[in-house]
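Biologist: Let us go through this model piece by piece. Please keep the answers short.

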Amino acid sequence: MGITNSNKELSTQKINCGGEFKIKLSLAAEPDIVGNPTDIVLILDRSGSMAGRPLENLKKGAKKFIDIIDEATDGAQDGQIGSGSHIGIVSFANTATQDTQLITSVADLKAAVDALTSGGATNHEDAFIKALQLFNPMSNNAKVMVMFTDGETTVGGDANVVATAAKAQGVIIYVIGLSGNGGIDEDAIRDWASDPDSAFVAITPNDEELEKLFEDLARNITKPGATDIVIEDLVVPCFKITDVGTPTKGTATLVNDRKVRWTIEELGVKGSEGATFEFTVEHVGPCTGTLEVNEEVTYDDHEGNVVVFPSPEIEVDCGTVVIPEECPHPVDIESEGCEDTVEFDVGEVELESLGRVLQLDVTLKRVCPHKRVALAVILTEVDDKGKEHKRGLKTVTVPAHNMNGCRDVLVRCIKFVLPEDLSVAGDTDDICGKRKFKARFIAHYVDNDFECCKATI
């Protein structure tokens, strides 16, 4: 109730490696009973145990309830339930009576409440039956029952059968129980009410609390939109947030490069209202294929609305390239003005001998999606007699891809440092001398669904 729509959309369905796209969050709310006309039946216990002050306090509470609905539906206590909503009165003792139909006249509703007199037993089953009969099954209005009772069932059948049937037809059932007049069956009324009990059941031992309970319930049914909204969107590590736009309502702040917070003071309080917010996201890291964008989206407001945003996916096309090693970071050097000579201390670099860096590329054939690959590279150098000399072992974990079907994956820039004093070509003084190498590759999946057979004894 309150929030009528929430959505999360992407500006595109596909980007290249390092590309950008926009994420758009949307939210809509409206005063519930204005935008969603509601038919409400007050089901009021007038059995003998209600005689005296309890019945008088019940009448005060019921009439307060009617006034709040009156004002909520059209903005004023003008004597008419507005915006297509209606209220009906059913009272019960030995049997139940439809004291009014579903009507809009506040005066007629209050007159029916004032006319109630106490006496007799307690028939909850007939009360639910008469209340359910008031609803028009062809109406699109929301349907709500508010049952008040101060005792256990003493005549009639199982009320839970009728209450369950009503809920199956989409009727929302609230129950107010007065436990100080001889006791009520708390388990029964919790079964009758909609779930969860904490939201749809109120029990008090004091009839003086009835007016307040009816008032709180009416305000809950008519609660306007949502207030004090806080939405936080956390994107997965494959992306970072680069720009935060201005929402159409509320304010937005960047918490860190992966999380943004959107706050709205109120939405849909005075009428149907929507709000949107956009921010820009950039692809980072080795992730490729079809990726979910958000790791988590949380929502909170004062009214306790439960809001769920969809989790859209985007296809990131990085070809088939995975780069497991980064190049060394450069040292920044600045030259100020028209200096002919610049001196700069870049720190310590040890150079033991001449040499070269060998970079290898290898293509892994037909790698299935969602499986990491463990790759080993064994490098040897071959002398003029064909003898091999060890030059290094590299192991690399190749990230899984998320493409549809198996794909070739190109692993680039696997680096080996080869000092010239290790050369077996015969001439260690010539850095341009010809050197021969052999590379061997071992690869297998890291991820698998293999399990050993379990012995049965």
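Modeller: A definition comes before the strands: two strands pair if DSSP finds at least two bridges between them. Keep in mind that this is a predicted model.

Biologist: In E13, which residue is the bridge partner of Leu254?

Modeller: E12 and strand E13 (residues 259-267) pair in the antiparallel sense, over five bridges. One partner in E13 belongs to Leu254. That bridge partner is Val260.

Biologist: In what order do the four strands of the open sheet lie?

Modeller: The pairing in this sheet is antiparallel. Strand E12 (251-256) and strand E16 (294-300) stand at the edges with a single partner strand each, so one side of each has no neighbour in the sheet. Neighbouring strands are turned by 15° against each other on average, direction ignored. The order is E12-E13-E10-E16.

Biologist: Which cysteines form a disulfide?

Modeller: Sulfur atoms within 2.5 Å count as a disulfide. By this rule the count comes to one. Its sulfur atoms are 1.9 Å apart. The pair is Cys238 and Cys287.

Biologist: How many residues apart in sequence are the parts that this pair ties together?

Modeller: Cys238 and Cys287 form the disulfide. Cys238 lies in the loop between strand E10 (226-235) and strand E11 (239-244), and Cys287 in the loop between strand E14 (273-283) and strand E15 (289-292), so the parts tied together are 49 residues apart.

Biologist: Is the disulfide of Cys238 and Cys287 left-handed or right-handed?

Modeller: Both Cys238 and Cys287 are buried. The torsion about their S-S bond is about -75°, so the disulfide is left-handed.

Biologist: Is Cys413 buried or exposed?

Modeller: Cys413 is found in strand E22 (residues 407-419). Its phi is positive, about 60°, although Cys413 is not a glycine. Most residues other than glycine have a negative phi. The relative accessibility of Cys413 is 13%, and under 20% counts as buried, so Cys413 is buried.

Biologist: What relative accessible area does Cys406 have?

Modeller: Values between the 20% and 50% cut-offs count as partly exposed. Cys406 is partly exposed, at 41%.

Biologist: Where is Ser83 found?

Modeller: The phi of Ser83 is positive, near 60°, in a residue other than glycine. At 32% relative accessibility, Ser83 counts as partly exposed. Ser83 is found in the loop between helix H2 (53-74) and strand E5 (86-92).

Biologist: How far apart are the end C-alpha atoms of H2?

Modeller: H2 is followed by Gly75, whose phi is positive, near 85°. At 1.5 Å a residue, the 22 residues of H2 should span 32 Å. The end C-alpha atoms agree with that, at 33 Å apart.

Biologist: Is H2 roughly parallel or roughly antiparallel to H3?

Modeller: The axes of H2 and helix H3 (residues 106-114) come within 9 Å. They cross at roughly 170°. Contact residues include Ala62 and Ile66 of H2, and Leu109 and Val113 of H3. Angles over 145 degrees count as roughly antiparallel, so H2 and H3 are roughly antiparallel.

Biologist: Which residues of H8 are buried?

Modeller: Helix H8 covers residues 210-221. Its 12 residues should span 16 Å, and the end C-alpha atoms, 17 Å apart, agree. The buried residues are Leu210, Leu213, Phe214, Glu215, Leu217, Ala218 and Ile221.

Notes: Residues numbered from 1 in each chain as written. Predicted model: local features only at pLDDT ≥ 70, side-chain atom pairs only at ≥ 80, totals over all residues. Heavy atoms only, no water. Helix = DSSP H or I, 4+ residues; strand = E, 2+ residues; numbered from the N terminus. Buried < 20%, exposed > 50% of the residue type's maximum accessible area, 1.4 Å probe, protein only. Expected span 1.5 Å × (residues − 1). Axes fitted to C-alpha atoms, helices over the stretch in contact; angles between N-to-C directions. Parallel < 35°, antiparallel > 145°, perpendicular 65-115°, else oblique. Contact = heavy atoms within 4.5 Å.
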